[in-house]
Amino acid sequence: GALNPRLALVWQSTDRLATKLMYGEAFRAPSYLELYAPTANSTPNPDLSPETSRTWGLSFAYSASRDLKLGLDLYQFEQFNLITKDASKQYQNMCGNTTQGIELEAQWQATKKLRVSGNLTHREETLMFNSVPRQTAYLRTDWAFLPDWNWNVQASWIDKPAFLASDSHASLGAYTLVDTTLRYAHRKEWEFAASVRNLFDRDAREYSSSIPDNLPLPGRSFYAEMRYKF
């Protein structure tokens with residue numbers, strides 16, 4: 001059992017500016033694998049304690065005009081008793097980690113039919129995990145070119161992870177993925193969509209400690225979707 005409070009204070013500073021101060025706690029109990037199940041690559045530990053965390057956040061939402069909205073988020077995320085494997089590959093509560101970050105976001109209604117939105121995130125950690133990028137960015141455009149029709153294009157940029165100098169995967173670089181979706185909403189009940197993900201078939205990879213060439217992400221993929229609301 002655990003008590004995990006979550007509190008928020010919201011202040012409408014002006015007609016255009018809203019400020020939020022937030023605090024929260026959480027925990028993760030050890031899994032069955034970590035507690036009891038030996039494998040070829042790990043040794044369990046029945047004496048593990050849960051991982052715990054606490055988060056502070058401060059955010060500002062500003063309406064610069066009727067068509068332009070801006071946001072700023074500051075946060076600090078602290079983790080304790082992180083469960084990792086020691087040199088003998090046994091799970092232990094070995095360390096803690098503090099992550100601090102800032103996120104900027106904007107949404108601009110350029111015309112009645114065109115909207116542009118995006119965000120930029122930067123983060124720093126006291127314990128830098130190889131798989132975590134320091135910076136990410138996202139940009140999206142939505143174009144309602146005809147009644148009931150919408151076409152969006154979105155691009156996600158992922159910075160390269162911050163590696164230790166001795167890491168054999170240090171050549172892993174940043175990448176950008178572009179997705180696009182064409183959507184048609186007939187009346188209020190029916191909705192149809194066709195999407196292409198990784199439009200330019202980019203060879204993008206995420207860090208993996210067990211795969212020499214890292215983990216390849218899906219190539220160009222096609223999706224069709226049909227929804228009925230009732």
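## A hairpin to start from

How many residues does the hairpin joining β5 to β6 run through? The answer is four residues. As you look around, keep in mind that this is a predicted model. The two strands of the hairpin pair in the antiparallel sense, with 11 bridges between β5 and β6. One of the pairs to look up is Gln 107, whose bridge partner in β6 is Ser 117.

## The sheet as a whole

Let's step back to the full sheet. It is an open one, built from 11 strands in the order β1-β2-β3-β4-β5-β6-β7-β8-β9-β10-β13, and the pairing is antiparallel. At the edges stand β1 (6-11) and β13 (221-228); each has a single partner strand, so one side of each is left without a neighbour in the sheet. On average, neighbouring strands of this sheet are turned by 15° against each other, direction ignored.

In general, the strands of a sheet pair through backbone hydrogen bonds, in either a parallel or an antiparallel way.

## From β3 to β5

Strand β3 (residues 51-63) runs antiparallel to strand β4 (residues 68-85), and 12 bridges join them. Thr 52 has Phe 80 in β4 as its bridge partner. Between β3 and β4 lie four residues, and the two strands form a hairpin.

Strand β4 then pairs with strand β5 (residues 91-109), again antiparallel, through 16 bridges. Here Leu 82 is matched with Cys 95 in β5 as its bridge partner. These two strands also form a hairpin, with five residues between them, and Lys 89 in the turn has a positive phi of about 70°.

## A close look at Ser 117

Is Ser 117, which lies in strand β6 (residues 114-125), buried or exposed? Its relative accessibility is 16%, and buried means under 20%, so Ser 117 counts as buried. Leaving aside neighbours within four places in sequence, Ser 117 is in contact with Ala 106, Gln 107, Tyr 138, Leu 139 and Arg 140. Of these, Gln 107 is also the bridge partner of Ser 117.

If you like to check distances, try Ser 117 and Glu 105: they are 12 residues apart along the chain, and their C-alpha atoms are separated by 7.6 Å.

## Onward to β7, β8 and β9

On β6, His 122 stands opposite Gln 135 in β7. Nine bridges join β6 to strand β7 (residues 135-146), and the two run antiparallel.

Further along the sheet, strand β8 (residues 149-158) and strand β9 (residues 175-186) run antiparallel and are joined by 10 bridges. Gln 154 stands opposite Asp 179 in β9.

Note on methods. Residues are numbered from 1 along each chain as its sequence is written. This is a predicted model: local features need pLDDT of at least 70, side-chain atom pairs count only at pLDDT 80 or more; totals for chains, interfaces and linings use all residues. Side-chain values use heavy atoms; hydrogens and water are left out. Two strands pair if DSSP finds at least two bridges between them. Axes are lines fitted to C-alpha atoms, for helices over the stretch in contact, and angles run from 0 to 180 degrees between N-to-C directions. Buried means under 20% relative accessible area, exposed over 50%, partly exposed in between (1.4 Å probe, protein chains only). Contact means heavy atoms within 4.5 Å.
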